[in-house]
Amino acid sequence: MTAEALPRKNVPSTTPAALGLGDRPAKAGPGDPAATHVRVKLDVEIRALLAHEPGTKSGADPEDLHQMRVALRRMRSVLKLSGRLVGPDAEPVRTELGWLGQSLGDVRDYDVLIGHLREVVAEFEVRDQPAARRLVSKFVTERGVAKRRLTRALASPRYASMLQDIGRLARQPATEEADESPQTSADLVAGLAKPHRKLAKAVKALPADPPDDDLHALRIYGKKLRYAAEMAKPAAKKKQAERIQRLIKATKNFQTVLGEHQDACVAADRMRGVVASVDAEVAFIAGRVAEKELLRRAEVRAVWRDVWAEVDEAAQAVSPRI
């Protein structure tokens, strides 16, 4: 049995208790200070990361790695937006999360590519299937190299130290320290204006036919707005929370659409890059795949501005000042 096939129960993982966290995630409401909401969000997401750590190590289900990466990215976003509220250690921790995120991202990119390739080539003629399998196998081999790097990272003292640092940031103090201008829950809602402005400015600056990298940057801006909205929602009163939920839904759709664009661009580039190192039959399959990916790219480009309009409208509904 390979390491990739080991059952989850054989893979040890850190527990919330080992990080000094309670049996259950902390909670916060509209009346709590903004710093409490930041710590609660970190508490929730570090538990999610730990829950998916065994499956990520074993490789039994790619969804575990995906969800571990999502939890990590949410923590990075929280620390970027509001980390100052929980102390000076927030930025070093965010940097360490970026280190781990690179290893997780490398494997996740292969998972997305391989899964999509299998779907695409399954529709090809029977006579093309052997070459299609060889093409997929090439990326499976490359994924194995990336997975071994990730396994080493998850077993390293650096990773263990990072978890302890997050635990310290997430733990609720007996009382919030006084500040000359303490932020309230309402400030988290008002804080949605900044990531929305950045996204709107980036959209406005684009030409009619934007470069691929610029559309990828929009997706990142949209993700930051979504994560900020997810943190602000528990801090909002009922009516405003409903508007924020609409914004979360719109930004999620925005991410999905632009994610399709990015995946298509990456897949097409990978097909171009593989041609020189494979036989003629595999190169032919790669060309067919690239053609399909460029078509997928064009389809997204025809609709993304309409999806952005929904995000903008939802953000304006949260507050006219946004």
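Let's start with Trp308: at a relative accessible area of 10%, this residue is buried, because the cut-off for buried is under 20%. Keep in mind, everyone, that we are looking at a predicted model.

So who sits beside that tryptophan? Searching the whole structure turns up one aromatic pair. Its members are Phe254 and Trp308, with 6.3 Å from centre to centre and 55° between the planes, and that makes the pair tilted. In sequence terms the two partners are 54 residues apart, so to speak a link between distant parts of the chain: Phe254 belongs to helix H9, residues 238–274, and Trp308 to helix H11, residues 304–318. And Phe254, is it buried or exposed? Buried, since its relative accessibility is 0%.

Now let's zoom out to the fold. We have 11 helices and zero strands, so the pattern along the sequence is simply α repeated from start to end. Of the contacts with a separation of 6 or more, 81% are between residues 24 or more positions apart.

What about overall dimensions? The radius of gyration is 22 Å, which agrees with the value near 20 Å for a compact globule of 322 residues. Along the principal axes, the C-alpha atoms fill a box of roughly 70 × 50 × 30 Å.

Buried residues come to 46% of the 322 in the chain. On the outside, about 16,600 Å² is exposed, with 53% of that supplied by carbon and sulfur atoms.

Last, the charges, friends: there are 55 positive and 44 negative side chains, and the centres of these two sets lie 2 Å apart. Thanks for listening!

Terms used: Residues numbered from 1 in each chain as written. Predicted model: local features only at pLDDT ≥ 70, side-chain atom pairs only at ≥ 80, totals over all residues. Heavy atoms only, no water. Helix = DSSP H or I, 4+ residues; strand = E, 2+ residues; numbered from the N terminus. Rg over C-alpha atoms; globule rule 2.2 N^0.38 Å. Buried < 20%, exposed > 50% of the residue type's maximum accessible area, 1.4 Å probe, protein only. Contact = heavy atoms within 4.5 Å. Areas by Shrake-Rupley, 256 points an atom, 1.4 Å probe, with all protein chains shown as cover. Lys, Arg positive; Asp, Glu negative; His and termini not counted. Charge placed at Lys NZ, Arg CZ, Asp CG, Glu CD. Phe/Tyr/Trp six-rings, centres within 6.5 Å; stacked < 30°, edge-to-face > 60°.
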